[in-house]
Amino acid sequence: MSYPEKFEGIAIQSHEDWKNPKKTKYDPKPFYDHDIDIKIEACGVCGSDIHCAAGHWGNMKMPLVVGHEIVGKVVKLGPKSNSGLKVGQRVGVGAQVFSCLECDRCKNDNEPYCTKFVTTYSQPYEDGYVSQGGYANYVRVHEHFVVPIPENIPSHLAAPLLCGGLTVYSPLVRNGCGPGKKVGIVGLGGIGSMGTLISKAMGAETYVISRSSRKREDAMKMGADHYIATLEEGDWGEKYFDTFDLIVVCASSLTDIDFNIMPKAMKVGGRIVSISIPEQHEMLSLKPYGLKAVSISYSALGSIKELNQLLKLVSEKDIKIWVETLPVGEAGGHEAFERMEKGDVRYRFTLVGYDKEFSD
Ligand SMILES: [Zn+2]
Ligand SMILES: [Zn+2]
């Protein structure tokens with residue numbers, strides 16, 4: 001199988017004009033012994049893509065190809081490959097493409113917390129190459145960060161699991177989500193929708209917690225057991241006193257959460273875990289006394305082991321996440337960005353049609 005020296009992607013040209021990505025050729029990173037080349041066939045559109053493209057997280061090197069929910073087929077394996085992956089196999093890459101693999105964190109399935117972490121796009125590797133993402137014909141990554149996709153999960157439904165799904169699965173599994181537990185999912189966006197489906201599949205009694213009733217019907221269709229509209233229920237912390245073992249905050253900003261209210265709804269020892277990355281200037285103000293026997297933490301992504309577990313769970317329980325597809329390309333990228341910014345998506349976009357857009 002042959003393919004070009006240069007990769008081609010739908011790239012952001014500047015933060016000012018981030019909603020109008022342009023088709024751009026670029027050099028791939030150097031090919032190392034454990035690298036894998038993947039011909040891409042689908043890529044999810046994550047909230048991080050918008051934050052990065054729009055410059056919410058600072059200035060990025062341009063042009064920039066975003067996208068870190070990548071599904072495709074292996075076309076080349078490095079000479080020292082020992083992952084067991086095969087040429088032609090359908091695989092996925094999430095939001096992380098590198099870590100040291102030697103520190104205690106890496107060795108204990110905590111790659112996202114390694115200090116050598118490299119994100120799938122916009123971050124320099126140790127050799128200086130700035131990573132490029134999945135709105136492109138190919139991606140080249142270290143094999144440790146490549147996972148096989150189970151046969152019964154279609155590519156457009158597998159893609160959003162690779163970042164969004166994993167980001168909510170990791171705090172669920174690490175904090176005891178399962179039968180007999182009451183779990184709240186705050187914010188029914190893309191990640192919250194996957195969190196609701198996954199929490200139910202793990203056997204927990206699942207509450208969707210949203211500001212208004214607008215998404216109640218969808219939440220129930222996803223299998224939620226209960227729905228709390230916080231703006232319509234007054235002090236919902238009193239009403240649901242001593243209810244939750246775990247709340248995962250999937251809302252886009254933690255500063256929207258009223259920490260005078262939420263801790264009251266937690267059981268003793270309950271945990272509130274946030275997964276959203278706010279804009280750089282946001283700060284949290286807390287009254288420590290209000291956090292009686294409740295802990296708050298931040299969870300980043302998830303490990304490769306957890307990603308494999310999640311894909312197995314989705315495959316075995318036949319979980320169908322809610323996805324809209326758009327054609328990859330300048331127009332499709334523009335539409336995805338426009339509609340994501342307005343929250344006009346049910347509940348996640350996956351870019352498809354790669355064969356048509358990229359001929360070689
Ligand atoms: Zn993401
Ligand atoms: Zn490490």
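Contact means heavy atoms within 4.5 Å. The structure is a predicted model, in which local features need pLDDT of at least 70 and side-chain atom pairs count only at pLDDT 80 or more, while totals for chains, interfaces and linings use all residues. Residues are numbered from 1 along each chain as its sequence is written, chains are lettered from A and ligands numbered from 1 in the order in which they are written, and side-chain values use heavy atoms, with hydrogens and water left out.

**Exercise 1.** Describe how H4 and H8 pack.

Solution.
Step 1. Helices are DSSP runs of H or I with at least four residues, strands are runs of E with at least two, and both are numbered from the N terminus. H4 covers residues 164-174 and H8 covers residues 304-316.
Step 2. The packing angle is about 95 degrees and the axes are 10 Å apart. Axes are lines fitted to C-alpha atoms, for helices over the stretch in contact, with angles from 0 to 180 degrees between N-to-C directions.
Step 3. Angles of 65 to 115 degrees count as roughly perpendicular, and H4 and H8 are therefore roughly perpendicular to each other.
Step 4. Gly165, Leu166, Tyr169, Ser170, Val173 and Arg174 of H4 meet Glu306, Leu307, Gln309, Leu310 and Leu313 of H8.

**Exercise 2.** Identify the protein donors of the zinc ion (ligand 1) and place Cys46 and His68 in the chain.

Solution.
Step 1. Donors are N, O and S atoms within 2.8 Å of the metal (3.2 Å for Na, K and Ca); water is not among the atoms, so sites may look incomplete.
Step 2. Cys46 (SG), His68 (NE2) and Cys163 (SG) qualify, at 2.0 to 2.2 Å from the zinc ion.
Step 3. The sequence spacing of these donor residues is C-x21-H-x94-C. Cys46 is in the loop between strand E3 (35-45) and helix H1 (47-54), and His68, 22 residues apart from it, is in the loop between H1 and strand E4 (70-77).
Step 4. Cys46 and His68 are both buried, where buried means under 20% relative accessible area, exposed over 50% and partly exposed in between (1.4 Å probe, protein chains only).

**Exercise 3.** Is Thr196 buried or exposed, and which residues does Thr196 contact?

Solution.
Step 1. Thr196 belongs to helix H5 (residues 190-201).
Step 2. Its relative accessibility is 0%, so Thr196 counts as buried.
Step 3. The Thr196 side chain reaches the backbone oxygen of Gly192 at 2.8 Å.
Step 4. With neighbours within four places in sequence left aside, Thr196 is in contact with Ile185, Leu188, Thr206, Val208, Met222 and Ala224.

Definitions and conventions:
Parallel < 35°, antiparallel > 145°, perpendicular 65-115°, else oblique. Polar contact = N/O pair within 3.5 Å; in protein donor to acceptor, adjacent residues only side chain to side chain.
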